[in-house]
Amino acid sequence: MKKKLNKNFWKNKKVFITGINGFVGSNLAKELLKNGAEVVGLIRNKNRKTLLFAENLNKKITLIDGDVENKKILKRVFIEENIDICFHLAAQVEVGLAQKYPYLTWETNIKGTYTFFEAIRENGKKVKSIIVASSDKAYGEYPIKKMPYKENYELKPIYPYDVSKACADLIAKSYSQELFKLPIAITRFSNIYGPGQANFSALIPDCFQSLIKKTKFILRGNGEHKRDFLYIKDVINLYLQISQSLYLEPNKISGEVFNAGSNRGHKVKDIVKMIFEIGNKKKNLRSIFKNSKFKKTKGEIKSQYMDYKKVNKFFGWRPTFKMDRGLRETYDWYKKYISKIT
Ligand SMILES: NC(=O)c1ccc[n+]([C@@H]2O[C@H](COP(=O)([O-])OP(=O)(O)OC[C@H]3O[C@@H](n4cnc5c(N)ncnc54)[C@H](O)[C@@H]3O)[C@@H](O)[C@H]2O)c1
């Protein structure tokens, strides 16, 4: 079922995005606007130092202020805005914050998800395609011999962020089944990086920030953990393909889960090395690695990378950006924008 992305499809479609002021949300909004969609976005934080505001996307979008746990606000969106397509991206994504304040994470990631679906179930009759961003973290930890992760693996997370995403994932699955029959696809993507990522607790933004601001970079662990990374442009392309296919062929896509990643893991220390080499600061690496050699992290999966066979079979998708190219583009973006977004 290989599908070509039909860009005309998006003309005049009304698309609602939760988490629009975030990294993925703002990149998605940018691409949708380019393709002629009308975009409505839920925005909670008043942070203006984001891609959404830096590129004036906010002026072309209907922005609704509020929390995703607020059913009244969401209800109003579906009653008043005639939404065709949704992307549910709003989440508390900081792993460290989730460990310190799990309550806040449960509220946003779990209550926010069922509130969103209840608002659609009661008032979103016109909605024909709903994408929910789950995460690779929802799977929990598997031994290295089980990599890359496949969609049929059981969800068995133990850490708060990971559990919150697994709950949201199962809630979404439930709304797609026989009782409610909402048209939903669930995505479990690996780590995403690229222009617009302003969560500086994540490895790549943190590393670029240290490089550009010439501050000391501190690794959280010993750098031996393996992670899989996707460049944001590949992710947005896949989101559009899944959403469009779900809209056009709900019987084939609804209730499906889609992994995406690069099929391989990179050691965290290798990513740090690549970034400091791109920034011509190779000499800093010795002290970074020396200081982190015996560091241990708590509450994090050791190794994880994702299979993309299913999305390749369904949509002909594969990652097109090699790490080096993606990181170079990202570096150029941070150099220009870091003063605006920090
Ligand atoms: N970035 C990644 O590496 C990655 C990987 C896999 C899955 N995901 C998932 O993709 C989605 C988007 O991630 P992102 O990287 O853009 O994160 P982000 O933090 O940049 O964006 C999330 C947005 O949600 C908003 N938000 C948080 N709590 C809210 C609430 N209570 N009400 C309304 N809005 C709220 C935040 O203000 C933010 O703008 C998340 O669901 C995340 O779990 C991200």
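Three elements, α1 (23–34), α5 and β7 (191–193), each put at least two residues into the shell around the ligand, and α1 gives the most, with three. Helices here are DSSP runs of H or I with at least four residues, strands are runs of E with at least two, and both are numbered from the N terminus. This is a predicted model, where local features need pLDDT of at least 70 and side-chain atom pairs pLDDT 80 or more, while totals for chains, interfaces and linings use all residues. Residue numbers start from 1 along each chain as its sequence is written.

The shell holds 26 residues, and G19, G22, V24, R44 and A91 come nearest to the ligand; a residue counts as near if its C-beta atom, placed from the backbone, lies within 6 Å. Sorted by class, the shell looks like this:

| Class | Residues in the shell |
|---|---|
| nonpolar (Ala, Val, Leu, Ile, Met, Phe, Trp, Tyr, Cys, Pro) | eleven residues |
| polar (the others, Gly among them) | eleven residues |
| charged (Asp, Glu, Lys, Arg) | four residues |

Now for α5. This helix covers residues 102–123, 22 in number, and spans 30 Å from first C-alpha to last, close to the expected 32 Å (1.5 Å times one less than its number of residues). A kink of about 30° is centred on G112, the bend being the angle between axes fitted to the seven residues ending there and the seven starting there. G112 is also among the buried residues of α5, as are F116 and F117; buried means 20 or more other C-beta atoms, placed from the backbone, within 10 Å of its own.

Chain-wide, 46% of the 342 residues are buried.

Note on methods: A residue is buried if 20 or more other C-beta atoms lie within 10 Å of its own, exposed if 12 or fewer, and partly exposed in between; C-beta atoms are placed from the backbone.
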